[in-house]
Amino acid sequence: MKIPTVTGLMDTSQLGYTLIHEHAVTCCDWSMRMCLRGQFCQEDRLLEMAVIQLKKAKAAGIDTIVDGTPINLGRDIRLIRQASERSGVRVIVSTGFYHQEDPWLTWKPREEIYGYLANECEHGVEETDILPGILKCAVDHLGLTDYIIKILGITAEAARTYHLPIFCHTVPELRHGSAILDIMEDHGVALENLIVGHSGDVDDVDYLESLLSRGCYLGMDRFGTVTATPGTTLERRVDTILRLCRDDWADRLLISHDYAPYTGFIPSWREASTDEALEKAVNFTYFEEFAAPMLLEKGLPEETLHKLTHENPRRFFEQRD
Ligand SMILES: [Zn+2]
């Protein structure tokens with residue numbers, strides 16, 4: 001089965017080692033980039049940073065990354081394509097909307113917002129011929145507001161029309177998962193086509209299994225990066241995966257970091273763009289370097305690890321209805 005990447009169609013048999021939720025180049029607001037120019041970030045350096053990090057990923061055996069940067073999180077398709085071409089890492093991109101209540105969207109008619117997604121899914125994103133391979137939506141601290149419910153509905157409709165899977169950003173500490181699954185189901189989305197994102201941020205196995213038992217996938221996708229929950233250590237993330245695998249859920253877990261070579265809302269550009277910052281241990285290779293050995297050491301069979309990194313992403317992309 002063929003799926004789109006920034007460098008053309010790819011057969012799903014070529015997915016290989018796949019990280020399910022990353023930001024290949026950046027999450028970086030377009031208005032800030034346009035108005036503040038080099039003060040906010042410099043495009044050439046940004047591309048260089050992404051190429052350096054993606055080359056490390058390639059060298060560590062990572063074949064494909066799924067970029068989770070939607071329209072209003074600063075997706076820059078031209079930089080993503082160049083970073084992919086120069087590094088050799090294949091990138092699947094998203095369309096959709098992040099959770100902030102955007103004045104540019106809040107009062108827009110539903111059909112018009114749907115039209116934005118439909119146009120990207122049919123003709124390509126940002127006036128290129130690159131098609132998205134996944135939809136992105138998000139539920140954050142404000143929970144399921146009317147605006148978010150509207151956006152989730154639009155995303156679900158696009159997923160059904162264009163046969164695309166969905167990645168939904170969540171704050172698992174707030175346990176919005178089952179309400180999100182209800183909304184998606186009400187809109188006719190088969191839950192095997194949905195990833196409840198950032199689930200690995202919590203170790204509440206009862207909550208996680210209540211979602212898994214409904215057929216969705218879970219993103220164990222913030223290795224090394226976001227530590228919003230106090231005590232979310234590498235070991236705790238690893239132990240949660242081990243417990244879920246022991247309970248027979250190894251087929252439904254997807255691995256990633258939610259890493260961006262530059263995240264526009266966290267570090268200062270000046271610090272993030274230094275050569276030293278690029279040497280930090282946290283990048284696209286952190287799971288392979290630190291988590292995978294720990295999983296094996298704690299008894300995860302080699303075949304199960306392969307499932308998490310290779311087979312599950314492939315099955316997830318192949319079972320689109
Ligand atoms: Zn992300």
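Visitor: Hi! Before we start, what does "partly exposed" mean here?
Guide: Hello! A residue is buried under 20% relative accessible area and exposed over 50%, with partly exposed in between. Keep in mind that this is a predicted model.

Visitor: Then why does Arg-314 count as partly exposed?
Guide: Because its relative accessibility is 34%. Glu-318 counts as partly exposed too, at 31%.

Visitor: How far apart are the closest N and O atoms of Arg-314 and Glu-318?
Guide: They are 2.8 Å apart, and the two residues form a salt bridge. Both sit in helix 13 (residues 302-318), four residues apart, about one turn of the helix.

Visitor: Which residues are joined into one network by salt bridges that share partners?
Guide: Asp-201, Arg-222, Arg-237 and Asp-258. Within that group, the side chains of Arg-237 and Asp-201 meet at 3.0 Å, N to O. Arg-237 lies in helix 9 (residues 234-246) and Asp-201 in the loop between strand 10 and helix 8, so this pair ties together parts 36 residues apart in sequence.

Visitor: Are Arg-237 and Asp-201 buried or exposed?
Guide: Both are buried.

Visitor: Switching to the metal: what coordinates the zinc ion?
Guide: His-21 and His-23, each through NE2, plus Asp-258 through OD, at 2.1 to 2.2 Å. The donor spacing in sequence is H-x1-H-x234-D, and both His-21 and His-23 are buried.

Visitor: And pockets? What volume does the second largest one have?
Guide: About 290 Å³. It is lined by 14 residues, and those closest to its centre are Asp-29, Ile-71, Asn-72, Asp-102 and Trp-104. By class, the lining has seven nonpolar, four polar and three charged residues.

Conventions: Residues numbered from 1 in each chain as written. Predicted model: local features only at pLDDT ≥ 70, side-chain atom pairs only at ≥ 80, totals over all residues. Heavy atoms only, no water. Donors = N, O, S within 2.8 Å, 3.2 Å for Na, K, Ca; no water. Buried < 20%, exposed > 50% of the residue type's maximum accessible area, 1.4 Å probe, protein only. 1 Å grid on protein atoms, 1.4 Å probe; cavity = no way out; pocket = protein on both sides within 12 Å on 5 of 7 lines; lining within 4 Å. Points joined across faces, edges and corners; volume = space filled by probe spheres on them. Nonpolar A, V, L, I, M, F, W, Y, C, P; charged D, E, K, R; others polar. Salt bridge = Lys/Arg side-chain N within 4 Å of Asp/Glu carboxyl O. Helix = DSSP H or I, 4+ residues; strand = E, 2+ residues; numbered from the N terminus.
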